[in-house]
Structure formats: C-alpha cells, structure tokens
Amino acid sequence: DTAVPAETAETAVPTVSWTEEAMRNPFCDEHSMTLVRSLLTEGDQKRLSKEERARIVFQLMTKGRNHISKEQLAAVLCPSGVAMAEVESSFAELSSPIFGESATRGILFQTFFNELPTVWDWYFDYLYESVYAPHKQIR
C-alpha cells in the first residue's frame, strides 16, 4: 500500500506566466524594435562575440549614450521582479562618476559587460529571437 503524497506548495512546480515573461522586454516598442532590426543580422546569434552582443544591448539600453543611468537599469531589471532597492544598491556599487557631467553617475560599458553578463546575454537572445525566430518568442 504505497500512497503517493498529495502535492504541497513546497513541491508544486511553478507555472510560467508567458504574459509576464514577455513583459520583461522593455524594448518591445516600435522605435526600439526598429533599432534592434538595424543592429542585428541573421546569424549574429552564432557569429558575434560576447562583447559585440553586450554592446548591442548596451546601445539599446542607453539609447546611444556612453553610460547606463539608474532609471535605465531599473527599466530592464524591475519588470523581471528585481526590487527597486536592489537596483539602487547595484547601481551604487557598479556606477562611477561620468566625466564632463557634474553630479552624474552611470554604469560604463566595461562594467556592464563584466558585472552583468546574465542581463546582456538574456536580452540579446530575447531580442535576436524576436526578429529572427519569432516562433520561439513568447508574446
């Protein structure tokens, strides 16, 4: 007599909300997607170096500026569930004074590339698939 225990909250497999998952992409507006299409070519997912992938995401996040602002970091991290307090803490740790802009701090590319690889890697794959493999894309 081997009874299978009923599933509990601790053992339940969480279900994925695809709508919420798709909302993790703060670059889904038409202007951003036009820029994405201009930056990517088919095959880039296999051809580009890690640094080139990160530069594309950095360019999108910063809208062409040389640093990521706290607001831009929050726009990317908060939709995936990162609390604003954690964004502020990370920004304080990773940012540096921006030359020529008094009282301005930002995250420079090299820091973004070295310290936030899961961010640029996830977004690069997500953006690439949104253009070249939309059948894999969650909407």
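1. Thr62 is buried in this predicted model, because its relative accessible area of 0% falls under the 20% cut-off. The residue belongs to helix H4, which covers residues 50-62, and its side chain reaches the backbone oxygen of Arg65 at 3.1 Å. When the neighbours within four places in sequence are set aside, Thr62 is still in contact with His67, Ile68 and Gln72. Of these contacts, Gln72 is itself listed among the buried residues of H5.

2. Lys63 is found in the loop between H4 and S1, and here the picture is one of exposure, since Lys63 has a relative accessible area of 70%, and exposed means over 50%. The backbone of Lys63 also deserves a look, as its phi is near 55°, a positive value in a residue other than glycine. As background, most residues other than glycine have a negative phi.

3. As to the overall layout, the protein has eight helices and three strands, which follow one another along the sequence in the pattern α-α-α-α-β-α-α-β-β-α-α. Buried residues make up 34% of the 139 residues. Among contacts between residues at least 6 apart in sequence, 59% join residues at least 24 apart.

4. The largest nonpolar core has 30 residues, and Leu73 and Phe112 are those with the most contacts inside it. At least two residues of this core come from each of H2 (30-39), H4, H5 (70-77), H6 (84-94), H7 (109-115) and H8 (117-132). In general terms, nonpolar side chains tend to be buried together in soluble globular proteins. Leu73, not counting residues up to four places away in sequence, touches Met61, Ile68, Val87, Phe91, Ile107 and Leu116.

5. Helix H5 can be read together with that core, for its buried residues are Gln72, Leu73, Ala74, Val76 and Leu77. The elements that cover these buried residues include H4, strand S1 (67-68), H6, strand S3 (105-108) and H8.

6. Phe27 has its place in the loop between H1 and H2, yet it counts as buried, with a relative accessibility of 5%. Beyond residues up to four places away in sequence, Phe27 touches Ser32, Met33, Leu60, Met61, Val76, Tyr123 and Leu127. One of these, Val76, is a buried residue of H5, while Met61 is also touched by Leu73. The C-alpha atoms of Phe27 and Val57 are 9.8 Å apart in space, although the two residues are 30 residues apart in sequence.

7. The axes of H2 and H8 come within 10 Å and cross at roughly 90°. That angle makes H2 roughly perpendicular to H8, because the range for that description is 65 to 115 degrees. Where the two helices meet, Met33, Val36 and Arg37 in H2 face Leu127, Ser130 and Val131 in H8 as contact partners. Met33 and Leu127 also appear among the residues touched by Phe27.

8. Two further residues of H8 differ in how far they are covered. Tyr128, which is found in helix H8, counts as buried at 7% relative accessibility, whereas Pro117, which lies in helix H8 as well, is partly exposed, with a relative accessible area of 35%. Leaving aside neighbours within four places in sequence, Tyr128 is in contact with Leu40, Thr41, Glu42, Gly43, Asp44, Gln45 and Ala133. The C-alpha atoms of Tyr128 and Val36 are separated by 8.1 Å, with their positions 92 residues apart along the chain. For Pro117 and Ala54, the C-alpha to C-alpha separation is 8.0 Å, and these two are 63 residues apart in sequence.

9. On confidence, the mean pLDDT of the protein is 81, and 78% of its residues reach 70 or more. The mean is highest in H7, at 97, and lowest in helix H1 (residues 18-22), at 50. Over residues 7-18 the pLDDT is below 50, and this stretch has four contacts in the model beyond near neighbours in sequence. Where pLDDT is low, the predicted coordinates should not be read in detail.

Terms used: Residues are numbered from 1 along each chain as its sequence is written. This is a predicted model: local features need pLDDT of at least 70, side-chain atom pairs count only at pLDDT 80 or more; totals for chains, interfaces and linings use all residues. Side-chain values use heavy atoms; hydrogens and water are left out. Helices (H or I, at least four residues) and strands (E, at least two) are DSSP runs, numbered from the N terminus. Buried means under 20% relative accessible area, exposed over 50%, partly exposed in between (1.4 Å probe, protein chains only). A polar contact is a pair of N or O atoms within 3.5 Å; within protein, one must be able to donate a hydrogen and the other to accept it, and residues adjacent in sequence count only if both atoms are side-chain atoms. Contact means heavy atoms within 4.5 Å. A nonpolar core is a set of buried Ala, Val, Leu, Ile, Met, Phe, Trp, Tyr and Cys residues joined through side-chain atoms within 4.5 Å. pLDDT is the predictor's confidence in each residue, from 0 to 100. Axes are lines fitted to C-alpha atoms, for helices over the stretch in contact, and angles run from 0 to 180 degrees between N-to-C directions. Angles under 35 degrees count as roughly parallel, over 145 as roughly antiparallel, 65 to 115 as roughly perpendicular and the rest as oblique.
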